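Student: I have a model open and want to go through it piece by piece. Can we start with a strand pair and work outwards?
Tutor: Fine. Here it is.

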Amino acid sequence: MTHRDGRTSIPTARLKVTTRIPFLTLLLVAGLAGCATPPPRQAVAPETSIRLSATLISATDITLEWQGGEPDAAGHIVEFATEPHGRYTILQFLPPHQTTFTHPDLMPETSFHYRVRPFYGPASRPIEITLPEGPMGSATKDDHAWAAPRSIPGGPIAKHAIRMASADAVPTGLKAAVMHANGVRFRWTDHAADEEGYLLEDRPEGSADFGVIAVLGPNINSFGLITLPNEKKASFRVRAFYYGKPSNLAGQTTGTIPPGG
Amino acid sequence: MRSPNQARLRAGVLVAGPLLVVLAALPAAADPVESGPWTSYSPSFNVQERGCGDVSDLTFKLTCSDDDGDQRAERRYVTYTSGIRQFEGYFKIISLGGTRVSLKQTFKDQSGAYFMLAVERGGRLYAVNGGTTIATGATIGTEVRVNTVHEVGRTHRTYINGSLKHTVSSDSGGFYDKLGAYRTSSGKGPATVEWSDIRFWRK
């Protein structure tokens, strides 16, 4: 999965872990406070101008395309349901410049309904992490209690509205502690007063783009990630976010699968 | 494909006494997937709590990190023997301190786990029996929709968020669904999983 966020222009703070000792916990200090990604400029969530269409490109593949959208959006989510007013499920978080999405290998003879929603909010300065080598099973005695999302008390008294594009609402002080060869605990300072939650985003080495890997609740400022094999070396950041208004609904009904297909 | 611990799995199920029997499924206001006509039904179930397993309605917890023994918090639905059965539900991994925790299983009577959907790596990877990965890069904290269609004697299909991820042929016989949190032979807790909007149809 590749993503791109064109608003990230500040150079990445480079932090490298060189240890190969399993289970060794190292504390990595992130970039400087106040050097965060510029926040979006809009004051409130605008009325959506996204126009979504859905095309059945094969019996069981549907491609979505949308136009319009908000230039200050941090990205979009694509959601689906099998009833127009049913329960919508997030399929993917996408970067702001992406305007197509293909939903593949679908349930046959089923009505699919889609909508696209923007999300907004400021991201912290990214940090770069290199994890030591080691298999997943090397941490068998670790119950990973450190990984649970939580709010660590002692944050700033004054918080600021991300919906008012306050530069003071940007999350700061992102730090990473390598808990083992495949686990990292992140902590940061929450300055946002009105966020719907926090997103943890990463950009694995070799990828030009950040992507959302975890959706956390509001006021969370500590979370542990179990990494995937392609994340041994990656950049991470957190974003205080809120959702905008959804697009129009677009739907298609899938066809039958040919015998043997 | 069957895991090495299936004999133990089966034994655990056979000795598991029902703690609670209530009707399971909600009225089917939604449309099932694939072609119909489908008839909604509400199979009964019992709750199985073994080891450090804890069940509270549709929240299933393994509260320990033991990597051995029978650790389970599950619903066991009644056996079916014929027709085409559809299951639908949404799960969310609230926390996963362990790994290789089964979320849903289809059991074949007297044979063991015929289909198993498990979660690994902090909720970022889904796998089926034998460790085959069927989805990776999952976004932590979001709900996942699961539909299974089981044609007894023919095939069992699994859809994750609407996309076909796994197909396996099916023998005839008696089968039943289980869902919750269950420590697989190579897995361990702790884990907290929430299921919601569980529905069943048949035709």
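Tutor: This is a predicted model. A starting point is A:L52, which stands opposite A:W66 in β4(A).

Student: How many bridges join β3(A) to β4 there, and which way do they run?
Tutor: There are 7 bridges between β3(A) and β4 (residues 61-67) of chain A, and the two strands run antiparallel.

Student: What order do the strands of that sheet take?
Tutor: The order is β3-β4-β7 in chain A, an open sheet of 3 strands with antiparallel pairing.

Student: Which strands stand at the edges?
Tutor: β3 (51-58) and β7 (100-103) of chain A. Each has a single partner strand, so one side of each has no neighbour in the sheet. From one strand to the next, the twist averages 20°.

Student: Zooming out, what is the secondary structure of chain A?
Tutor: Chain A has 16 strands and 0 helices. Of its 261 residues, 44% count as buried. Taking contacts in chain A between residues at least 6 apart in sequence, 79% join residues at least 24 apart.

Student: Switching to the core. Which residues touch the most other members of the largest nonpolar one?
Tutor: A:F186, A:L200, B:V101, B:L103 and B:A181, in a core of 93 residues. Strand β9 (residues 112-120) of chain B gives the largest share of this core, 7 residues.

Student: What does B:A181 touch?
Tutor: Leaving out residues up to four places away in sequence, B:A181 touches B:G53, B:F60, B:K61, B:L62, B:A73, B:V101, B:L103, B:A191 and B:V193. B:V101 and B:L103 were also among the core residues that touch the most other members.

Student: And B:C64, where is that?
Tutor: B:C64 is in the loop between β5 (59-62) and β6 (72-77) of chain B.

Student: Why does B:C64 count as partly exposed?
Tutor: Because B:C64 has 18 C-beta neighbours inside 10 Å, and a residue needs 20 or more to be buried.

Student: Which residues does B:C64 touch?
Tutor: B:G51, B:C52, B:Q71, B:G189 and B:P190, again not counting residues up to four places away in sequence. B:P190 is 126 residues from B:C64 along the chain, yet their C-alpha atoms are separated by 5.1 Å.

Student: Last topic, the interface. How many residues of chain B are in contact with chain A?
Tutor: 28 residues of chain B, in contact with 34 of chain A. On the chain B side, β12 (144-151) and β14 (163-169) each supply at least two residues.

Student: How does that side divide into nonpolar, polar and charged?
Tutor: The chain B side has 14 polar, 8 charged and 6 nonpolar residues.

Technical notes:
Residues are numbered from 1 along each chain as its sequence is written. Chains are lettered from A and ligands numbered from 1 in the order in which they are written. This is a predicted model: local features need pLDDT of at least 70, side-chain atom pairs count only at pLDDT 80 or more; totals for chains, interfaces and linings use all residues. A nonpolar core is a set of buried Ala, Val, Leu, Ile, Met, Phe, Trp, Tyr and Cys residues joined through C-beta atoms within 7 Å. A residue is buried if 20 or more other C-beta atoms lie within 10 Å of its own, exposed if 12 or fewer, and partly exposed in between; C-beta atoms are placed from the backbone. Helices (H or I, at least four residues) and strands (E, at least two) are DSSP runs, numbered from the N terminus. Two residues are in contact if their C-beta atoms, placed from the backbone, lie within 7 Å. Ala, Val, Leu, Ile, Met, Phe, Trp, Tyr, Cys and Pro count as nonpolar, Asp, Glu, Lys and Arg as charged, and the others, Gly among them, as polar. Two strands pair if DSSP finds at least two bridges between them. Axes are lines fitted to C-alpha atoms, for helices over the stretch in contact, and angles run from 0 to 180 degrees between N-to-C directions.
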